[in-house]
Structure formats: structure tokens, C-alpha cells
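Dear colleague,

Here is the structure that I promised to pass on to you. Please open it beside this email, and then read the notes below.

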Amino acid sequence: MKKMIGLSLFLFLLGVQIVLAQTKQITGKVISDEDGLGIPGVSVVLKGTTIGTSTNIDGAFTIEAQNSDILVFSFVGMQIQEVPVGTKTVLNVTMSPESLSVDEVVVVGYASKKKGAITGAVSTISADKLEQVPVASFDNALQGQTAGVQVMASSGRPGAAASIRIRGVSSINAGTEPLVIMDGVPISNGDFSSLNVNDIESISILKDAASTAIYGARGANGVIVVTSKRGISKGKTEITYRGQYGLSKLARSNFDMMNTEEKLRYEIELGLRGADDPINAELSKVNVNWRDEVFRDAPMQSHEISVRGGNNKTRFFLSGGYYDQEGIQYRSDFKRYTGRINLDHNASDKLKLGTSITLGLEENNYTTTTTNSVYNPAFVGYLMNPYLKARRDDGSYTTPEEDGLPFGNPLQQLDLNEDFSTKVMVQGNVFAEYRFTDYLKFKTTVGVDFKDYVDKSYTSPESAWGLATEGQVGRSFSRIFKLNTTNLLSFNKTFNEVHDVSAFAGFESLEGKVESFGVSAIKLPSSHMKMLSTAAEYDGTPNGSVSEYALLSFLGSASYGYNGKYYADFTYRREGSSRFGEDVRWADFWAVGARWNAKSESFLASNEMISALSFKVGVGTSGNWEIGNYSHMNLYGFGIYNGDNSSAPIAPGNPDLTWEQLMKINLGVDLGLFNRVNLAMDVYHETTSDMLFDVPLSLTSGFSSRWSNVGSMVNRGAELTINADIINSGDFNWNLSANVGYNQSEITELYDGKDEFRKGSLIYKVGESYGQMYYTRFAGVDPATGKNLWLTKDDKITDNFSEDDAVMLEGKSFIAPWTGGFTNTFSYKGLTVQAFFSWVKDKYMLNNTRYFIESNGQFASFNQTKRMLNYWKKPGDITDIPKPNGQTYFDSRLVEDASFLRLKNLMVAYTVPKDFIERIKGVEGVRVYAQGQNLLTFSKYSGFDPEFDGVVELGMYPQVKTFTFGVDVKF
């Protein structure tokens with residue numbers, strides 16, 4: 001009996017085991033919690049095994065499993081889900097995105113990657129670093145934000161563009177500005193002022209070949225990829241209002257000019273006026289600071305409304321903005337109206353359509369900025385003597401005829417005359433994306449960059465500037481049109497959970513056309529007549545031009561990642577340009593990159609001190625094509641000769657003109673410590689060969705120069721970025737982010753076997769860096785005679801100035817080798833204080849303004865700085881100001897160290913607590929803030945401003961300090 005019971009129990013348990021061990025078919029669907037749509041390509045694997053499948057285009061899957069199994073669902077960018085099978089036969093799973101901050105998913109090339117999978121040198125700037133910064137053009141907001149990127153705002157005029165250099169200068173004559181891509185469409189560097197900074201979601205700066213080679217020649221000087229904000233699929237709409245009001249002032253007024261008492265004494269000592277002249281008593285009653293007359297405090301305001309929302313089918317982002325900033329110089333105002341629409345629509349499970357379009361309207365009121373001209377108010381503000389009034393007692397302007405001004409009153413001239421420009425911009429794209437399978441898709445994009453410029457100028461016949469022409473009126477128009485088409489077939493699949501393979505291939509075309517015309521006429525009958533039709537005759541002949549170019553590219557890229565540890569990228573692009581000779585217009589560019597995430601290895605996984613560690617290497621090529629559209633062709637110019645149409649050669653062609661080549665190598669390491677400190681360091685070596693060089697020719701050839709491929713140069717450097725949470729204690733936090741970049745260039749070959757050549761005030765010399773200055777060296781003032789002293793080429797002292805004694809000023813280049821910035825952010829509950837500094841080191845400029853206001857008596861009739869009162873007067877005087885002799889020279893004394901440290905932005909912001917906001921119906925958040933821009937500048941440079949991208953600074957529109965108050969309200 002017991003045996004029967006035991007046998008029965010055994011058979012029962014065996015049956016249960018057989019039932020439990022039986023496999024069954026599990027079906028289901030994986031959807032995204034963002035939009036409710038099925039997710040194709042999700043890996044579905046039996047935990048602890050390699051048995052699995054993946055979801056189809058609709059997100060559906062089928063798999064054989066047992067009740068005791070656990071299914072693991074994984075997909076790139078999504079949180080991993082583990083779901084027990086149990087007795088179920090249908091399993092529907094919802095997946096959520098991983099908690100990744102904006103800078104952890106980076107747009108690079110033609111795709112996006114997780115930061116840990118990037119093999120190239122890429123820096124990112126998120127929206128919170130750009131929003132609310134009171135600048136009209138977003139390039140100005142990039143200054144000091146990332147290592148190896150130098151941004152110089154050479155003018156304080158509202159809307160003025162900045163210059164951008166990534167890892168130095170790689171070409172002597174060809175273009176050095178980076179390529180800028182916004183939502184897949186290339187845009188011109190001078191058009192950033194037409195964009196609303198607050199529309200930007202993130203900016204990726206691609207520096208090395210591993211990240212830029214996919215852009216071919218256009219990526220020679222680096223690439224800036226701008227991504228705008230897009231819609232969300234939360235089933236609700238977010239509305240945000242941003243408003244700012246502010247005031248701009250002259251940021252820096254470094255010249256200490258003579259007052260009336262000092263200037264009159266100086267003129268008497270130099271014999272320019274008699275000591276007993278009765279007019280001296282009248283003049284001494286007037287003491288005008290002309291800088292206060294020329295410069296003013298100028299208001300600014302901006303307003304913007306954005307709407308963001310969507311559902312499972314359609315997502316949208318809309319915005320409209322208004323920006324109005326007056327300049328600190330009269331007649332230098334800037335207004336901008338912007339609109340943006342970004343749409344993404346899932347037409348079906350396989351087809352996705354979308355568009356990104358921005359509209360911009362700019363109105364620029366230009367002041368006169370003709371450097372050392374008396375038409376330049378900034379220059380005149382220092383030249384005009386303090387005993388001359390700008391306005392009479394009744395408020396009317398003083399004039400040369402009635403008040404003794406040496407030239408026309410600049411303020412009156414600005415009132416009487418006009419210089420106005422309007423720009424309309426349409427920039428954007430439309431795209432269609434079709435997914436064939438869960439891992440294969442095709443995307444076509446058509447992008448347009450369109451701009452119309454209308455310029456109007458008018459010189460009144462009643463103004464001092466219009467006397468010679470009896471008035472002048474000018475009109476000009478230009479249109480720029482670029483069409484960019486991209487077609488890509490992409491593959492993305494994960495094999496066995498550990499092998500991530502992605503690739504794309506396609507072709508791209510770029511067509512550009514620029515056309516313009518202009519006309520000017522003189523002899524106007526009245527100051528009320530400002531039309532061309534009212535003028536008596538043309539000023540010269542009407543002009544016009546048309547220029548076109550094209551670029552065709554075939555491109556491909558493949559990436560492989562293994563188990564989150566090892567990554568490799570391969571990039572290839574073949575490119576043809578209309579700017580080169582027919583037989584040499586095609587070139588091949590390539591790059592390879594690799595990354596090792598050492599922290600993912602078992603020997604570091606449990607290390608608590610090292611929270612991240614990875615190494616990367618990249619090598620590849622790119623090219624440069626930034627020259628004129630027809631430099632390879634024999635060109636003829638047309639005009640009028642003896643009353644008839646005529647033409648003549650104006651430039652020699654070069655059918656062998658081809659691409660400038662760059663070879664780039666980059667090594668990098670990323671290190672994280674204690675989950676609080678992150679460091680990133682890159683070192684690089686870049687070689688430029690076959691440089692596009694405008695080689696001088698003997699004038700006996702009939703031409704002055706010809707474009708050729710000659711010469712080479714090298715750029716070497718290192719970059720370091722640090723981000724540290726110094727204090728992270730709940731309510732109070734202190735974050736420090738800093739970056740420093742060093743770049744050293746070296747010219748290794750020039751043309752025709754030459755070791756050096758001079759161009760203006762620069763010398764280009766084999767073995768030396770780019771941008772070296774070339775002047776005769778000032779050796780002081782002779783205490784015995786008061787004469788200037790200089791050094792000859794062979795280092796002998798002489799009192800005879802000669803330009804033939806000019807030499808290279810060792811280590812003095814207008815290109816700063818050291819650049820950087822640092823930000824301290826303090827936060828306590830809802831209060832945030834942020835201070836951002838930018839700096840450059842070892843940058844030099846010639847202070848050309850000093851040539852006029854610290855002259856050796858040559859311009860003593862104009863106002864001078866107080867330094868000139870300490871000129872040599874008798875034997876034995878020790879001074880660096882010589883005895884006035886009426887002659888001023890350009891020598892090394894005018895070359896100054898223009899290194900600077902600038903408090904670029906200081907912001908205090910407060911986010912109103914949610915429990916208080918909840919009392920206001922319909923309002924989700926309120927943030928108020930106050931900030932100052934360019935508040936402090938530390939520099940030895942004595943001119944207008946050290947932040948100038950050039951060799952010679954003279955009468956620039958100075959930088960401004962801006963104080964603003966703003967509010968952000970989210971509904």
C-alpha cells in the first residue's frame with residue numbers, strides 16, 4: 001500500500017514538473033510611454049540565456065518561454081525591463097527613456113550618439129547655458145564655454161557677429177571659420193543674429209577628424225551642430241513666456257584724455273597758441289568730455305512666446321520673438337523679429353514626416369565706423385578738443401563755420417544722414433523618413449537657406465559729409481540662396497545584446513547662388529529728397545554680379561560597439577567641388593576612431609573612487625575649399641573704356657587648383673572621480689598641406705597674384721575641461737566648470753622655396769607660428785636729446801627710424817595660444833547665483849588709436865592723452881615720451897599685450913516655489929533673474945577693448961556692459 005502511495009506521489013510530482021517545464025508561445029507588444037507607439041528593434045531575451053527575438057516594425061514580438069522564465073526587454077536609450085512570464089501568454093510592456101541629461105545624448109555628424117560611445121573630440125553646450133543671455137547673436141554666447149574654441153566679439157554694435165576659431169588657424173589664405181549646421185542645414189556665420197537663441201536645444205562642437213570627416217571639406221575648421229527645440233508627446237501643451245529689459249553702457253573707457261586746462265597748456269608749450277591769446281580765457285570756461293557726448297546709455301528689450309506639445313501622432317514646437325537693442329553710439333540700433341515652427345508627424349507606423357523652419361527679419365541702423373576717419377564717432381570722441389562744445393546752450397549742434405570745430409560735428413552728421421539695412425531670412429528643412437524594418441530606414445531631407453538684403457544710404461546735401469557731392473543717395477540689393485539635399489539609408493541593430501552595429505550611406509548636394517546689384521547718385525535738390533530719381537547724376541556706374549557654386553558628396557559611416565566597453569567608428573566621404581579644376585575637383589576624406597570604456601571592465605567596476613574612465617583615439621583627413629567660386633578660372637572684367645563696352649583680364653586661372661588637405665590626430669581621456677568630478681583631456685596634432693595660397697606674382701606678368709596649392713603648416717595643442725560638484729548637500733550646491741585650451745601653430749613650408757614673406761604688419765616665416773608681428777623695435781628716449789631711439793636689425797641703437805629695420809617680434813602674435821573660461825554656480829533652494837569668466841592669454845595687438853592721440857606732436861592740434869604732458873623737456877629727463885618733433889612712427893611701442901580676463905556674465909535668479917505657484921491657476925512655473933554682461937575687464941591693453949580679432953585695432957565700436965532684468969513664466 002505504501003509503495004502504491006509513493007508511486008502515485010512520484011507520478012503526480014513528475015506530471016507537475018512536466019507541465020511546468022512545457023514551453024508556450026508568448027506574444028505581446030512593446031510601446032513607448034512618450035508617444036504610445038510601438039518600438040521596433042527591442043531585444044527580447046530569456047534571462048540567463050542567449051535565446052531571444054526582437055520586436056517588429058509595430059513593436060510586436062513572439063517568443064517561446066516557460067512559466068518560470070523571465071523576459072528581459074532592452075533597447076538603446078530605454079530603461080531595461082525584466083518581466084516574469086508566469087501563467088500569461090500575452091505580455092504588453094511599456095518602456096521609458098533612460099534618465100539621460102541633454103549633454104549625454106549628443107548630435108554628431110548625421111546621427112545622435114550616447115556620450116560614452118563617441119570616439120571623437122566633441123564638446124556640448126546645453127540650452128541652459130544659452131537661454132536669457134542678453135546677446136542678439138548666439139555665437140557671442142559661446143565665448144569661453146568650451147576648450148579649444150576661441151570666440152572674439154570684435155564689435156559691441158548690436159547684432160554684430162563674432163569670429164569663431166576651433167583649434168587655431170589651419171590655413172594662411174583660405175577660410176578659417178567652422179561649418180555651422182542647424183537642424184541639418186548649413187548656415188552662414190554672419191547670419192546668427194537672425195536666429196532666436198532661446199529656440200536652441202543644444203550645440204555640439206566637433207573638433208577632430210573622427211567627428212568632422214563625415215562633413216568632408218566643409219569640416220576642415222571644425223563643425224558646430226545646432227539642434228533646435230522640438231515638440232513633446234505628453235498629450236498637453238506647454239506655453240512659455242520670456243521677457244527681458246535692460247540698459248547698455250560703455251564697458252571700458254581706458255584712455256585718460258587731457259581736460260581743457262591741460263590741453264591749453266600743452267598747446268602753449270608746443271607753440272600752437274600764444275600764452276596771451278585772449279581766446280584762451282573763453283576756452284578755459286568750457287570742459288567737455290566728448291566721450292560722454294558720443295556714447296550714451298542705451299535700452300534693450302526682448303520678448304518671446306513658445307508653445308510646445310503634441311500627442312502620439314504629431315509633435316510641435318512654435319515660437320515667436322521680438323528683440324530690440326539700441327546701440328551706445330547714435331544711429332546703431334538693431335531690431336529682430338523671429339518665428340519658428342518645428343513639426344514631427346507619424347503618418348503611419350513606417351512613415352514619419354517633419355519640418356524645421358525659422359523666419360527672421362532684421363533691421364539694422366548703422367553708425368559710421370570708418371576706423372581713423374573723422375566720420376567715426378568713436379574715434380572723434382577722443383580726438384575732439386575738450387574746449388569745444390558739442391551743443392550750444394539752446395541745444396542746437398555746433399558747427400565748423402560758427403563754433404570752430406575742425407570738422408563736421410559727428411552727432412549732427414549722424415542725425416542728418418542715414419545708413420539702414422533690412423534682412424529677411426528663411427532657413428529650414430523638410431524631411432521624410434521611411435522605416436523598412438525595425439533596423440533599416442531611409443531619410444531624405446531638403447534644406448534651404450534664403451536671405452534678402454536691402455541697403456539704403458543717404459548723405460544730406462546740408463551735412464559736412466555731403467558738401468563735396470551736394471548730397472548722395474544709394475540703394476543696393478543682394479540675394480543669397482542655398483539648397484542642400486541629403487539622402488541617407490541607415491542601419492541600426494543590436495546582436496545578442498552586446499554587439500551594437502550602426503551604419504549609414506548616402507549622398508548629399510549643395511548648391512549656392514549669390515546675386516546683387518547697387519547704384520549710387522549725387523547732387524540732390526533738397527535734404528527732403530532722398531530718392532534715386534531726384535538725383536542729378538549717377539555716382540559712377542550701376543554695379544551687379546552673380547556667383548554660383550556646387551558641391552556633390554557621397555558619404556558613409558559605420559560604428560561598432562561591444563558590450564558598452566569598446567567602440568569603433570569608420571567614416572568615408574568623396575566630394576567634388578565646382579571651385580576647383582575639372583580634372584582635380586574630386587577628393588576623398590576618411591577617418592577612424594576608437595574608444596575604450598575602461599570603467600566597464602571587471603577590474604574597475606567596483607572601484608568607488610573612479611566613477612568613469614575611458615580612452616579614445618581618432619585619425620583622419622579633411623579638406624578646405626573656402627576660396628572664391630572662380631579662383632581656378634581665367635577671369636575677365638567688364639567696364640567702359642572711351643565710352644564703349646570693354647573687357648580685360650583681371651585674374652589668371654589655375655586649372656590644377658585643388659583641395660587643401662588636412663591630416664588630424666586626436667588622443668583623449670575622460671575621467672570621473674567619486675561621481676562628483678569629471679575631467680576631459682585631449683591632445684591633438686593637425687597638419688595642413690597643399691595649402692590654398694594666393695601666391696604673389698611679378699607685376700610684369702600683368703597680375704599681382706594667383707591661387708595655387710603650396711606650403712604647409714602644423715597645429716598642436718591640448719585641451720582640458722573640468723566639471724566639479726564641490727558642494728552637493730541638498731539645499732546648498734556649488735558647481736565649478738572650467739576649461740583651458742592651448743594651441744601652437746607652426747609654418748613648415750611656404751611657396752617657391754621662400755623661408756619668409758611679409759604682408760602688412762605680419763610676417764609669415766618657416767619655423768614660426770602664424771600671426772607674428774613685424775615692426776621696428778622702439779628702444780626708448782635719449783635722456784640727453786629727447787629723441788626717439790630704435791634698434792636696427794643687428795641690434796644697434798639709432799635715432800633714425802627705418803622700416804628696413806623691422807624684425808619679427810618674438811612671441812607676439814595676434815592669435816592667442818591660450819584661451820579658456822570658468823563658471824561658478826551657487827544654488828540654495830530656489831536661488832541661483834552664477835558667475836562666468838572668459839579669458840585669453842598671450843594675444844597682442846597694435847593700438848593704432850595711440851598713433852593719433854599719443855603722437856609726437858604730429859596731431860597735437862587734436863586732443864591727446866595725459867601721458868603726453870610728461871614729454872622730454874630738458875637734458876637728463878627720464879621719460880618714454882620724446883620731445884615733440886611733428887613726426888609719429890609705427891613701431892613696437894604701439895604693440896600691446898591684449899590678454900584679458902572678463903567677467904562675461906553674472907546672474908542672480910530665483911525660481912518661485914511650486915507650492916506658491918500652484919495658487920495661480922494655469923501657471924506652472926515662474927523664474928525671475930537679474931544679470932550683468934561684461935561687468936569687469938582686466939587687461940593691460942590701453943585701447944578701446946582687448947576683445948578684437950585682428951592685428952590692428954583702431955576706432956572700433958567698443959564693447960558694452962549690459963544690465964538686464966528678466967522673467968520666465970511657464971503656463
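Leaving aside its neighbours within four places in sequence, with which residues is Ser-356 in contact? With that restriction, and with contact meaning heavy atoms within 4.5 Å, Ser-356 is in contact with Asp-183, Arg-230, Arg-340, Ile-341, Asn-342, Gln-427, Gly-428 and Asn-429.

Before going further, please note that this is a predicted model, in which local features need pLDDT of at least 70 and side-chain atom pairs count only at pLDDT 80 or more, while totals for chains, interfaces and linings use all residues. Residues are numbered from 1 along each chain as its sequence is written, and side-chain values use heavy atoms, with hydrogens and water left out.

Ser-356 lies in strand E21 (residues 351-365); strands (E, at least two residues) and helices (H or I, at least four) are DSSP runs, numbered from the N terminus. Ser-356 counts as buried because its relative accessibility is 3%, where buried means under 20% relative accessible area, exposed over 50%, and partly exposed in between (1.4 Å probe, protein chains only).

Elsewhere, five strands form an open sheet of mixed pairing, in the order E10-E15-E16-E13-E14, where two strands pair if DSSP finds at least two bridges between them. Strand E10 (122-126) and strand E14 (185-187) stand at the edges with a single partner strand each, so one side of each has no neighbour in the sheet. Strand E13 (residues 179-182) pairs with E14 in the antiparallel sense over three bridges, and Ile-181 stands opposite Pro-186 in E14.

With best wishes
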